[in-house]
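Dear colleague,

I am passing on the structure we spoke about, together with notes on what was found in it. Please read the notes with the structure open beside them.

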Amino acid sequence: MKINCIIVEDEPLALERAKSYVLKLSYLNLLETFDNGRDALLFLKSNVVDLIFLDINLGELSGIQLLESADINARIIITTAYQEYALKGFELNVTDYLLKPYTFERFFQAVEKAKSSLEKNAPANKDYIFVKTEYRLEKILLNEIRYIEGMRDYRRIHTINKKIMTLQTFKEFEEQIIPSIICRVHKSFMISIDKIDSIERDEIKIGEIFIPISETYKKSFYDLIKHSK
């Protein structure tokens, strides 16, 4: 499985070391790096991240404060030079705690622990989902979904035969559906891989509709396409 990750680290040398370690593992997809907690928090509010490498001392908003101020479902690997934060970190249910300077072997061990946890909680490979719409739960076959569109507080599911409105979030869809079937390509769109007619200039054509591919999801999307051949 591909693991989307970010690094939150304000020390340039430590950041470069973490990036070099991430790039050694082909299943890690580095979405972004941040040198402060506030920008990372804003990113997390609108993007799906599986794993965060998180420094503690980040200036105005510390790593601990970031964890306490947001509902984060990503696995957390703390990276710090200060051992005294270990207890607090584990109280916040972090996956692992790397004490700087850490080796690649220790880094790999922490990542494998996070990977194992993510695989246990990955969405089941089933061919349908139930979606709450109005006052009922409606069964939708995945092979009938063309794309899912964000419309402010609602999501509109475009199927072969109908359109369904729901308050279910993109995050909830991503927890239910494996990305090799339906994946996120933009903050406002998820698309069905097998309904794609063509891709040109970072736009996906499904029927008469053109859906943009954003920078955030570009790498993970093209990786999926490459491996689906």
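P101 sits in the loop that runs between β5 (96–99) and α5 (104–120), and the peptide bond that joins K100 to P101 is cis, with omega at about -10°. Please keep in mind that this is a predicted model, and that every value below was computed from it. K100 also has a part in a group of charged side chains, which I come to further down.

Two other places stand out in the backbone, and both concern phi. Most residues other than glycine have a negative phi, and most peptide bonds are trans. E134, which is not a glycine, has a positive phi near 55°; this residue is found in the loop between β6 (128–133) and β7 (136–141), and with a relative accessible area of 61% it is exposed, because the cut-off for that word is over 50%. R152 likewise has a positive phi of about 55° without being a glycine, and it lies in the loop between β8 (145–151) and β9 (154–159). R152 is exposed too, at a relative accessible area of 82%.

As for the chain as a whole, it contains seven helices and 15 strands. Its C-alpha atoms fill a box of roughly 55 × 40 × 30 Å when this is taken along the principal axes. The radius of gyration is 19 Å, and a compact globule of 229 residues would have one near 17 Å, so the two values agree. Of the 229 residues, 47% are buried. Among the contacts with a separation of 6 or more, 51% are between residues 24 or more positions apart. The chain exposes about 12,700 Å², and carbon and sulfur atoms supply 50% of that area.

The charges come next. The chain carries 33 positive and 35 negative charges, and the mean positions of the two sets are 4 Å apart. In total the structure holds 16 salt bridges, and a few of them can be described individually.

In helix α7, K218 takes part in two of these. Its side chain meets that of E215 in a salt bridge of 2.8 Å, N to O, and because K218 and E215 are three residues apart in helix α7, about one helical turn separates them. E215 counts as exposed, at 63% relative accessibility. The side chain of K218 also meets that of D202, with 2.9 Å from N to O. This second pair links distant parts of the chain, as K218 belongs to helix α7 (residues 215–227) whereas D202 lies in the loop between β13 (198–200) and β14 (203–206), 16 residues apart. D202 counts as partly exposed, with 26% relative accessibility.

A further salt bridge lies in helix α1 (residues 12–23), where E16 and K19 are three residues apart and therefore separated by about one helical turn. The closest N and O atoms of E16 and K19 are 3.9 Å apart, which counts as a salt bridge because the cut-off is within 4 Å. Both side chains belong to partly exposed residues, E16 having a relative accessible area of 45% and K19 one of 27%.

K100, mentioned above for its cis peptide bond with P101, is joined with E9, E11 and D55 into one network by salt bridges that share partners.

Finally, what do two of the buried helix residues touch? I225 lies in helix α7 and is buried, with a relative accessible area of 18%, since buried means under 20%. Leaving aside neighbours within four places in sequence, I225 is in contact with I193, I196 and I199. The C-alpha atoms of I225 and I193 are 8.0 Å apart in space, although the two residues are 32 apart in sequence.

L118, in helix α5, is buried as well, with a relative accessible area of 10%. Not counting residues up to four places away in sequence, L118 touches M1, I3, D50 and R75. Of these, D50 is 68 residues from L118 along the chain, and their C-alpha atoms are separated by 7.7 Å.

With best regards

Technical notes. Residues are numbered from 1 along each chain as its sequence is written. This is a predicted model: local features need pLDDT of at least 70, side-chain atom pairs count only at pLDDT 80 or more; totals for chains, interfaces and linings use all residues. Side-chain values use heavy atoms; hydrogens and water are left out. Helices (H or I, at least four residues) and strands (E, at least two) are DSSP runs, numbered from the N terminus. The radius of gyration is taken over C-alpha atoms; the globule rule is 2.2 Å times the number of residues to the power 0.38. Buried means under 20% relative accessible area, exposed over 50%, partly exposed in between (1.4 Å probe, protein chains only). Contact means heavy atoms within 4.5 Å. Accessible areas come from the Shrake-Rupley method with a 1.4 Å probe; for residues, only the protein chains shown count as cover. Lys and Arg count as positive and Asp and Glu as negative; His and the chain ends are not counted. The place of a charge is taken as NZ of Lys, CZ of Arg, CG of Asp or CD of Glu.
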